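I sat down today to look up how some helices pack and what lines one of the pockets. My entries follow in the order in which I made them.

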Amino acid sequence: LQYALLDRDEVVMNRDKLITTAVRAIADMRDGYRPPAIPTFTLPGRGLLDQMSAFMDKGITDGLFFPHDKTVAMEIATIVVNTQGDDPIEVTEQEMFARERTAFIALAKTPQTLARITSMLDTGNVIRN
């Protein structure tokens with residue numbers, strides 16, 4: 001959202017002119033400036049979760065994914081799918097951030113994620129579990 005405030009980029013090579021250039025740019029934008037519309041997102045209904053689960057199960061059976069890959073994928077799916085009902089819903093950017101935080105915390109509490117993080121920190125290698 002903060003990046004949407006400026007509708008143009010300007011390169012200033014002389015650092016002594018940065019403040020002057022910034023003040024001029026703000027003054028130029030002041031007249032007629034309207035903040036951008038707050039973005040909303042349409043999330044599909046819960047039925048998509050069943051499709052995702054079936055896809056991940058097939059991938060595990062085929063040897064493409066590991067069981068924890070499904071856990072991660074399904075947690076990510078809860079961010080972008082309406083888990084409460086079958087109908088699409090509109091959510092705000094802040095609600096999307098809250099969904100993301102919830103999913104991240106849930107994943108961070110799993111032993112498999114802890115093992116992956118520990119492996120990366122200790123050895124620099126990714127483990128697949």
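The notes below go through helix pairs and then a pocket.

Entry 1, ground rules. I am working on a predicted model, in which local features need pLDDT of at least 70, side-chain atom pairs count only at pLDDT 80 or more, and totals for chains, interfaces and linings use all residues. Residues are numbered from 1 along each chain as its sequence is written, and side-chain values use heavy atoms, with hydrogens and water left out.

Entry 2, α2 and α3. I looked up helix α2 (residues 47-61) and helix α3 (residues 67-80), and found that their axes come within 10 Å and cross at roughly 165°; helices here are DSSP runs of H or I with at least four residues, numbered from the N terminus, and axes are lines fitted to C-alpha atoms over the stretch in contact, with angles from 0 to 180 degrees between N-to-C directions. The crossing angle makes α2 roughly antiparallel to α3, a word I use for angles over 145 degrees, while 65 to 115 counts as roughly perpendicular. I noted that the contact (heavy atoms within 4.5 Å) includes Leu49, Met52 and Met56 of α2 and Ala73, Met74 and Ala77 of α3. By class, I have eight nonpolar, two polar and three charged residues in this contact, where Ala, Val, Leu, Ile, Met, Phe, Trp, Tyr, Cys and Pro count as nonpolar, Asp, Glu, Lys and Arg as charged, and the others, Gly among them, as polar.

Entry 3, α3 and α4. For α3 and α4 I read an angle of about 160° with the axes 8 Å apart, which makes α3 roughly antiparallel to α4. Among the residues in contact are Val72, Glu75 and Ile79 of α3 and Arg99, Glu100 and Ala103 of α4.

Entry 4, α3 and α5. How do α3 and α5 pack, and at what angle? I found about 105°, with the axes 10 Å apart, so α3 is roughly perpendicular to α5. Here His68, Asp69 and Val72 in α3 meet Gln112, Thr113 and Arg116 in α5.

Entry 5, the second largest pocket. I noted about 180 Å³ of space in the second largest pocket. Its lining includes His68, Val72, Phe104, Leu107, Thr113 and Arg116, and α3, α4 (93-108) and α5 (111-123) each supply at least two residues of the lining. Helix α4 gives the most, with five residues. By class, I recorded eight nonpolar, two polar and two charged residues in the lining of this pocket.

Methods:
Angles under 35 degrees count as roughly parallel, over 145 as roughly antiparallel, 65 to 115 as roughly perpendicular and the rest as oblique. On a 1 Å grid over the protein atoms alone, a cavity is a set of points where a 1.4 Å probe fits but cannot get out, and a pocket is an open set with protein on both sides within 12 Å along at least five of seven lines; lining residues have an atom within 4 Å of a point. Grid points are joined across faces, edges and corners, and a volume is the space filled by probe spheres set on the points.
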